[in-house]
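Welcome to this short briefing. Please have a look at the sequence and the model below, and then we can walk through them together, topic by topic.

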Amino acid sequence: MRALLLALPLLLAACQTEADGPAAPADSTADPAPSGPERAPAQIAAVGDSGVSGTVEVTALEDAVEIRYSLDGFTSETPNGFHIHENGSCEADSSGTPAGAAGGHFNPMSSEHGAPSNEATKRHAGDLGNIVPDASGRAVGTVVDSVLAFSGPTSLIGKAVLIHGGEDDLTSQPSGDAGPRIGCGILQLASAASDAATTES
């Protein structure tokens, strides 16, 4: 009799579980977890009537970033300065300088201008050297950089990418004497860039 009394609560619990029905399935509408490395694309638009446009996309690597560019509209095969600037704007500044609102080179460590191969304390974080178009006016290439990052003080997110009309000599201060700004775009995380494109459409 005592054994029967002890078993009764267990039987009632089992009956209650069956009455409640099977457990609810997991919410299938939840956003999937992000996969793959972080990416930050920028759509490059011509500054003024330069005709230069295309794309720059940065991908996070383990200890560096990979920067891929595909640009058209150049009028010669001479090198053109290629930099990340400190502000996320391609507008003219208060003096009317085209794309001047992008500010100077991205330089969170207050270093002198230099070559992208220099150590981090002897270059701006945004110093990416030069790109060289081919005879058709197209420049395509890849740069791997170990100073820029997707987070922290050297984060490139929200910064402007600038193409210049002249060659960066890699030594002149403060910016390599690379000439006017002829192409500009803003680096955004891939999800943010997609949201912005959807909103614009």
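Helices and strands here are DSSP runs, at least four residues for a helix and at least two for a strand, and they are numbered from the N terminus. Counted that way, the secondary structure of the chain comes to two helices and eight strands. Please keep in mind that this is a predicted model.

**Overall layout**

- Reading along the sequence, you will meet the elements in the pattern α-β-β-β-β-β-β-β-β-α.
- The chain has 201 residues, and 37% of them count as buried.
- If you take the contacts between residues at least 6 apart in sequence, 59% of them join residues at least 24 apart.

**The sheet**

- Eight strands make up an open sheet with antiparallel pairing, and their order is β5-β4-β7-β8-β1-β2-β3-β6.
- The edges belong to β5 (127-131) and β6 (139-145); each has a single partner strand, so one side of each is left without a neighbour in the sheet.
- From one strand to the next, the twist averages 20°.
- At the β6 edge, the partner is β3 (residues 65-72), and the two strands pair in the antiparallel sense over seven bridges.
- To find your place in that pairing, look for S70, which stands opposite V140 in β6.
- At the β5 edge, β4 and β5 pair in the antiparallel sense over three bridges.
- Here a handy landmark is H83, which stands opposite D127 in β5.
- Although β5 stands at an edge of the sheet, four of its five residues are buried, so β5 is largely enclosed by the rest of the structure.

**Around H105**

- You will find H105 in the loop between β4 (80-85) and β5.
- Is H105 buried or exposed? With a relative accessible area of 7%, H105 falls under the 20% cut-off, so H105 counts as buried.
- The side chain of H105 makes a polar contact of 3.1 Å with the side chain of H83.
- Another polar contact, again given as 3.1 Å, joins the side chains of H105 and H124.
- Leaving aside neighbours within four places in sequence, H105 is in contact with H83, I84, H85, E86, H113, H124, D127, P174 and S175.
- Two names in that contact list, H83 and D127, are the residues that stand opposite each other in the pairing of β4 and β5.

**Salt bridges**

- How many salt bridges does the structure hold? There are four, among them the pairs described next.
- R39 forms a salt bridge with E57, and the closest N and O atoms are 3.1 Å apart.
- This pair links distant parts of the chain: R39 sits in strand β1 (residues 39-46) and E57 in strand β2 (residues 53-60), 18 residues apart.
- R39 is partly exposed at a relative accessible area of 35%, and E57 is partly exposed at 27%.
- R68 forms a salt bridge with E66, with 3.1 Å between the closest N and O atoms.
- In this pair, R68 is partly exposed at 48% relative accessibility, whereas E66 counts as buried at 18%.
- R123 forms a salt bridge with D145, where the closest N and O atoms are 2.7 Å apart.
- The R123 and D145 pair also links distant parts of the chain, with R123 in the loop between β4 and β5, D145 in strand β6, and their positions 22 residues apart.
- R123 is buried at 1% relative accessibility, and D145 is buried too, with a relative accessible area of 3%.

**The disulfide**

- A disulfide is a covalent bond between the sulfur atoms of two cysteines.
- The count for this structure comes to one disulfide.
- C90 and C184 form this link, with their sulfur atoms 2.0 Å apart.
- The link of C90 and C184 is left-handed, with -80° about the S-S bond.
- This pair links distant parts of the chain: C90 lies in the loop between β4 and β5, and C184 in strand β8 (residues 181-186), 94 residues apart.
- C90 counts as partly exposed at 29% relative accessibility, whereas C184 counts as buried at 4%.

Methods. Residues are numbered from 1 along each chain as its sequence is written. This is a predicted model: local features need pLDDT of at least 70, side-chain atom pairs count only at pLDDT 80 or more; totals for chains, interfaces and linings use all residues. Side-chain values use heavy atoms; hydrogens and water are left out. Two strands pair if DSSP finds at least two bridges between them. Axes are lines fitted to C-alpha atoms, for helices over the stretch in contact, and angles run from 0 to 180 degrees between N-to-C directions. Buried means under 20% relative accessible area, exposed over 50%, partly exposed in between (1.4 Å probe, protein chains only). A polar contact is a pair of N or O atoms within 3.5 Å; within protein, one must be able to donate a hydrogen and the other to accept it, and residues adjacent in sequence count only if both atoms are side-chain atoms. Contact means heavy atoms within 4.5 Å. A salt bridge is a side-chain nitrogen of Lys or Arg within 4 Å of a carboxyl oxygen of Asp or Glu. A disulfide is a pair of cysteine sulfur atoms within 2.5 Å.
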